[in-house]
Structures are given as structure tokens and as C-alpha cells.
Amino acid sequence: MLHAIDHEMLHWQCLILDRKGRVKSCGQWKTAHIDEAEYQLLHDEDGTGRGAVIALPRCECGAHCFLKADYDLEELYDELQEVTDEETGATVAVLPYRYIRNLQAHWMLYERGKADYAPVLPMPPIALLERPEFASVKPATVMALWFGYLAARPDGTALKELEEASSERL
Amino acid sequence: VLSQPSGGTETGKYYILQDGYTTAAQTSMYVPSISRTSVPVGASIDTADVAATNVSAPSFTAITANGFLVNTASTAATTNARVAGNYTLSY
């Protein structure tokens with residue numbers, strides 16, 4: 001899986017394990033530009049992009065890593081985690097980073113015209129990431145909250161509200 | 001039901017053996033995962049047990065909480081097309 005996305009560079013570990021958890025591949029940390037990754041969709045039977053993956057460049061040791069690139073709202077909803085503010089007791093849903101990195105890589109490919117379908121959730125607007133109150137917050141944290149908010153209602157109502165708010169601004 | 005936690009992995013083997021009736025004939029093998037409910041973020045595969053013989057390098061598709069599909073295609077009309085190895089699912 002992806003461990004980091006630094007600008008347009010993807011970072012991951014070449015990892016094949018045996019049944020005892022011993023590393024059978026080279027185990028090296030790998031880096032590649034997003035343009036080296038390939039969106040693959042073998043069968044597009046229902047016209048939704050279901051089954052798509054992102055193939056990372058094959059390692060010299062022969063191992064090949066693939067990222068899931070067809071999350072639906074229910075799958076993301078099931079992976080949400082709750083974070084509670086100790087002072088107020090308020091609880092928010094956040095999407096773990098490992099899913100965010102997949103969505104981010106998927107978006108990067110889609111914006112380059114290299115993915116047939118966009119991820120199920122939109123990326124946060126640049127304006128949101130640049131707001132002063134988020135200056136001391138890592139962009140990944142903002143994204144965890146952003147995607148958590150959108151995925152918290154798997155019926156898609158949060159997405160509809162977002163689209164309505166966007167169209168009103170226009 | 002086993003459900004892999006965050007950061008967990010699942011490992012196993014796959015083996016694809018086919019008669020490639022023509023070049024580019026596809027063969028897929030669905031591998032059910034042991035873990036359920038948790039959705040993987042990715043998967044890795046190798047050809048350590050049987051190097052790809054008359055088939056393309058295997059690839060993943062349709063990764064879900066229930067398993068995944070390993071896919072390959074014959075590179076010639078042949079009665080000897082095979083590939084096998086290990087896979088690791090990352091959660």
C-alpha cells in the first residue's frame with residue numbers, strides 16, 4: 001500500500017509476506033512519479049469503474065503492487081473512525097490516511113486523463129486547504145476530516161449538499 | 001468472521017493453469033480472502049512459484065472485502081500456459 005504521497009511522487013514498500021509474516025520480496029522502499037502508475041480496469045460491465053485498480057511500477061524483484069481504485073461510499077463508510085474531542089465530547093468521523101492516499105492517487109490520475117472514472121468522493125477545494133485556520137494543520141488531516149464528513153452518510157446526502165452549495169456559489 | 005485490523009495483512013498462494021486457445025485469451029482466478037468486512041487498500045503479487053510461461057504477468061482486479069481476481073492472458077496459442085506465486089493483501 002502507499003505510505004506517502006509527496007507532491008507527485010508515490011512512496012510504498014515492496015512487500016510480499018509468507019504465511020509466517022516473513023518478507024519474501026525485496027522489501028525495498030520504492031518511489032515513483034504518479035505518471036508511472038497505471039489505472040487498470042479489466043471489465044467495465046456496469047459502467048461504473050467497479051473493479052479498477054492502480055498498478056504501481058513493477059519492482060525489479062518481480063513483485064507487483066496494486067491499489068484499490070473503486071471504493072464506493074459504503075466501503076468508505078465502513079472504514080470511518082471516530083475521534084472525540086476530550087474537552088467538548090464532540091465526535092467526528094475521519095477517514096484513515098491509507099484510504100485517503102488511494103483516493104488522492106486516483107484523483108491525480110483522473111485529472112491527468114489517465115483514469116476512466118473519478119473516485120466516488122471529490123478532493124477538498126484548494127481554498128479550503130488554504131484557509132488561515134488550517135495553516136497549522138497538515139493537509140492530510142484536513143482531508144481525513146473532509147472525506148470523513150462526506151463518507152459519514154453512505155446514502156450520498158452529504159455529496160448532494162456539497163453539490164448544491166457549490167452550485168449556489170456559482 | 002475474521003476481520004483484519006488496520007495495517008493487517010493476509011497472505012496466500014494462487015496458481016493459474018490454462019490452455020491458451022489463442023493469443024490474448026484471458027484467464028482469471030477468483031481468490032476469496034479469509035478476512036471479511038475489512039476493505040483492503042492494496043495487494044501485491046509475485047510469480048515466485050511458477051514463472052509466467054506463455055502468459056502475461058498476472059495482475060489484480062476487483063479487490064473487495066471478499067477477495068480479488070487474479071488475471072492473466074496467454075501470449076500464444078498453447079497447451080502450456082501457467083503462472084503461480086504469492087499474494088499479500090494489505091488492510
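This briefing walks through the contact between chain A and chain B, then a hairpin within chain A. The model is predicted, so please read it as a computed picture. The two chains bury about 2,200 Å² between them, and a strand from each chain pairs across the contact in the antiparallel sense.

**The contact as a whole**
- Chain B brings 29 residues to the contact, and chain A brings 27 residues.
- Carbon and sulfur atoms give 55% of the buried area of about 2,200 Å².
- If you are looking for salt bridges between chain B and chain A, the rule finds zero.
- Polar contacts do link chain B and chain A, with 14 residue pairs counted, both residues at pLDDT 80 or more.

**The chain B side**
- Five strands of chain B, namely β1 (9-20), β2 (26-32), β3 (42-45), β5 (59-64) and β7 (78-90), each supply at least two residues of the side that touches chain A.
- The most comes from β5(B), which gives six residues to that side.
- By residue type, the side of chain B that touches chain A holds 17 polar residues, 11 nonpolar and one charged.

**Strand pairing between the chains**
- Strand β6 of chain A (residues 64-68) runs antiparallel to β3(B), and four bridges join the pair.
- Within this pairing, A:His64 has B:Ile45 of β3(B) as its bridge partner.

**A hairpin within chain A**
- Strands β7 (residues 81-84) and β8 (residues 91-94) of chain A also pair in the antiparallel sense, over four bridges.
- Here A:Val83 sits opposite A:Val92 of β8(A).
- Six residues lie between the two strands of this hairpin, where A:Gly89 takes a positive phi near 80°.

How values were computed:
Residues numbered from 1 in each chain as written. Chains lettered and ligands numbered in written order. Predicted model: local features only at pLDDT ≥ 70, side-chain atom pairs only at ≥ 80, totals over all residues. Heavy atoms only, no water. Contact = heavy atoms within 4.5 Å. Buried area = accessible area lost by both parts, 1.4 Å probe. Salt bridge = Lys/Arg side-chain N within 4 Å of Asp/Glu carboxyl O. Polar contact = N/O pair within 3.5 Å; in protein donor to acceptor, adjacent residues only side chain to side chain. Nonpolar A, V, L, I, M, F, W, Y, C, P; charged D, E, K, R; others polar. Pairing = 2+ DSSP bridges.
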